[in-house]
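Visitor: I have a structure open in front of me and would like to learn how to read its empty spaces and its helix contacts. Could you walk me through them?

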Amino acid sequence: MDGSDIYKATRGLDVFNQSNRHEDGDEEALKWAVLEKLPTFDRLKKGLLYRSSGPPDEIFIDNLGLVDRKHLLDRLVKVAEEDNEKFVLKLRNRFDTVGIDLPTIEAFLNIFHLLPNRKKHITILEDLSGIIKPGRMTLLLGPPSSGKTTLLLALAGKLSKELAWSGRVSYNGHDMHEFVPQRTSAYISQNDLHIGEMTVRETLAFSARCQGVGSRYEMLAELLRREKDANIKPETDIDIYMKAAATEGQETSVVTDYVLKVLGLDICADTFVGDEMIRGISGGQRKRVTTGEMIVGPSKVLLMDEISTGLDTSTTFHIVNSLRQYIQIFEGTAVISLLQPAPETYNLFDDIILLSDAKIVYQGPRERVLEFFESMGFKCPERKGVADFLQEVTSKKDQEQYWIERNKPYRFITAKEFAEAYESFHEGRRMAEEISIPYDKNKSHPAALTTKTYGLSKKELLKACTSREFLLMKRNSFVYIFKLFQLLVTSFLTMTVFFRTKMHKRSVEDGGIYTGALFFGVVMMLFNGYSELSMAIAKLPVFYKQRDFLFYPSWAYTLPSWIIKIPITFVETFLWTLLTYYVIGFDSNVERFFKQYLLLLLVSQMAEGLFRFIAALGRNMIVASTFGAFALLILFALGGFVLSRDDIKSWWI
């Protein structure tokens, strides 16, 4: 075959491919025309999805599986570092095309005095005033114990009730009691609290499911209506993604997969998070899971506390850059606390808040911070990281090395003096002018502030907690298998010890043996419920964290953990009664058999409830074990065998 033949063959193949693409485009247009005729509610549930080859298929969004989600995200965000900004811009442009305003939040902070309690006057924060603007990344800097965490907690509405403080924190001019701050903002703690038996994907998916979709559904419904009126056809993949992101109650959503990819967790998505006893992901990956657990929700304000702990410089830069793209394009609000950010990470931020000795030393644009300190006589060396300089210039130990006015004698400048000088600095005066003008509440977007306490209905919250509890039961199946094995062994020993005891009508000795057998059965049921103590305590830190973040109410967590285990109690108690009742020689009447079964079943349920209560009361294993042993001793003493009822004093009864 000569060159001309190859050219003709190649040209023929290109024409064939173009023809195929043209046909696929025509088929897509026809399918889209059919979708456009559906009511808005039905259009929200359907979309066109491209698979490996051929024209797009019409699918229900609820049926979007793991493989389909993976292919979709690979087309949208092939490489997170390169494609994420383009993807977020496409999402924003779709709203801009039809003129939909996105909800934004401006946080106002005015704290006069914040103390640990009224007895011990240690000032944590004092005379703080400032505004956090939407669409800008704010870096919170300060030496250890300067009050960074407390400031973030104040912004998140999560200050401890034990603290005594005065002042005001508001979002868009609304005080904290006018909306639900825990769901409007996402506070990312520096403590990594997760259930070790769950995978990374399951942890983020549960968080996304509980937090709900916020205003995504209503915003998308309005978007579809406007696009239909304007005869605008969106990009197919973007349409599928946005519809999937707005679908409530999914066990695993496309947003979960997107966050996994952006945070670099897709490589360990199906690995256990792990803990001290279970081998899981690394410490840096666990820190990213903590971040992903909160940003996977619909919160519009991100308050992140020391998220770089345990992460290398490159990973920190990648995470902050991804957040920056989202915050700036979608006009979100973010305050991120970092201890020692690298120069390239520091340059990603728009504004700086510098805390020192409970005061704000500087708040304003990153470009003006060095100018302020130079006006005070301090200069950052050329090869010195600006973030390191800012944290050292207020320190009594390090401040002198940055003094540049050699013609004047150096003296230590306190944080209070810096704060007073900032008020007369041009950025400080501008900030004071902005603070003096109250925010017009009428400008606040209706979807900006969340007023619902929980992200899902009571039924959906119960379903979410039930499915997670069932998953954890499967992961901890060894515990239940071992309990069953222990029960069988103990049943065998009991059968041989009390084998066919004969009771004579006037035999006190045989009566004591039978009473002992009954008492031993009760004790066995009590000890069988003791395992609930350690399992409940292991999950308590995660429960308290998620409850405080309003993932779910306490009852939605408690009911599944009790109800799902009832069948196990039925089986365990039935096996014990079946194996021991007739072998020991109790009354052969089947009615008596079921009476004993029912009584032991109730004792078993009581024991499990008792030890769960003790776990919640003690909150750590040492205290709870002590209380648990004490409770067992009381039950033994007053159980009617060691002492009969007649021998127990009436005031004890």
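**Reading the spaces and the contacts**

Guide: Let's start inside, with the largest cavity, which holds about 890 Å³ of space. Bear in mind that this is a predicted model.

Visitor: Which residues should I click on to land close to the centre of the largest cavity?

Guide: Try Arg216, Gly297, Pro298, Tyr326 and Phe330, the closest to the centre among the 38 residues that line the largest cavity.

Visitor: And which helices supply at least two residues of that lining?

Guide: There are several: H4 (80–97), H8 (216–229), H9 (236–245), H10 (254–262), H11 (283–295) and H12 (313–330). The top contributor is H12, with 6 residues.

Visitor: How does the lining of the largest cavity split by class?

Guide: Count the nonpolar, polar and charged residues: here you get 28 nonpolar, 7 polar and 3 charged.

Visitor: How many cavities of 30 Å³ or more turn up in the whole structure?

Guide: The search finds 8 of them. The second largest cavity has a volume of about 120 Å³. It is lined by 18 residues, and Ala208, Arg209, Val213, Thr247 and Ser253 sit closest to its centre.

Visitor: Which elements give two or more residues to the lining of the second largest cavity?

Guide: Those are helix H7 (200–211), H9 and H10. H7 gives the most, with 3 residues. By class, the lining of this second cavity comes out at 7 nonpolar, 7 polar and 4 charged residues.

Visitor: Now for pockets. How much space lies in the largest pocket?

Guide: A cavity is a space the probe cannot get out of, while a pocket is an open one. The largest pocket here has about 780 Å³ of space. Its lining has 29 residues, with Gly196, Glu197, Asp275, Glu276 and Ala538 nearest the centre.

Visitor: Which element gives the largest share of the lining of that pocket?

Guide: That would be H21, with 8 residues. The elements giving two or more residues are helix H18 (458–475), helix H19 (477–497) and H21. Sorted by class, the pocket lining has 15 nonpolar, 6 polar and 8 charged residues.

Visitor: Since H21 has come up, at what angle do the axes of H21 and H25 cross?

Guide: Helix H21 (residues 531–548) and helix H25 (residues 621–637) cross at roughly 155°, and their axes come within 10 Å. Angles over 145 degrees count as roughly antiparallel, so H21 is roughly antiparallel to H25. The crossing itself is right-handed.

Visitor: Which residues make that contact?

Guide: On H21, look at Leu533, Ser534 and Ile537; on H25, at Met621, Ala624 and Ser625. This contact of H21 with H25 has 4 nonpolar residues, 2 polar and no charged.

Visitor: Back at the largest cavity, H4 and H10 both appeared in the lining. At what angle do H4 and H10 pack?

Guide: About 135°, with their axes 10 Å apart. That angle makes H4 oblique to H10. On the H4 side you'll find Ala80, Asn84, Phe87 and Val88, and they meet Tyr258, Lys261 and Val262 in H10.

Visitor: How do the residues of the contact of H4 with H10 divide?

Guide: Into 5 nonpolar, 1 polar and 1 charged.

Technical notes:
Residues are numbered from 1 along each chain as its sequence is written. This is a predicted model: local features need pLDDT of at least 70, side-chain atom pairs count only at pLDDT 80 or more; totals for chains, interfaces and linings use all residues. Side-chain values use heavy atoms; hydrogens and water are left out. Axes are lines fitted to C-alpha atoms, for helices over the stretch in contact, and angles run from 0 to 180 degrees between N-to-C directions. Helices (H or I, at least four residues) and strands (E, at least two) are DSSP runs, numbered from the N terminus. Angles under 35 degrees count as roughly parallel, over 145 as roughly antiparallel, 65 to 115 as roughly perpendicular and the rest as oblique. A crossing is left-handed if the near helix is turned anticlockwise from the far one by less than a right angle, and right-handed if clockwise. Contact means heavy atoms within 4.5 Å. Ala, Val, Leu, Ile, Met, Phe, Trp, Tyr, Cys and Pro count as nonpolar, Asp, Glu, Lys and Arg as charged, and the others, Gly among them, as polar. On a 1 Å grid over the protein atoms alone, a cavity is a set of points where a 1.4 Å probe fits but cannot get out, and a pocket is an open set with protein on both sides within 12 Å along at least five of seven lines; lining residues have an atom within 4 Å of a point. Grid points are joined across faces, edges and corners, and a volume is the space filled by probe spheres set on the points.
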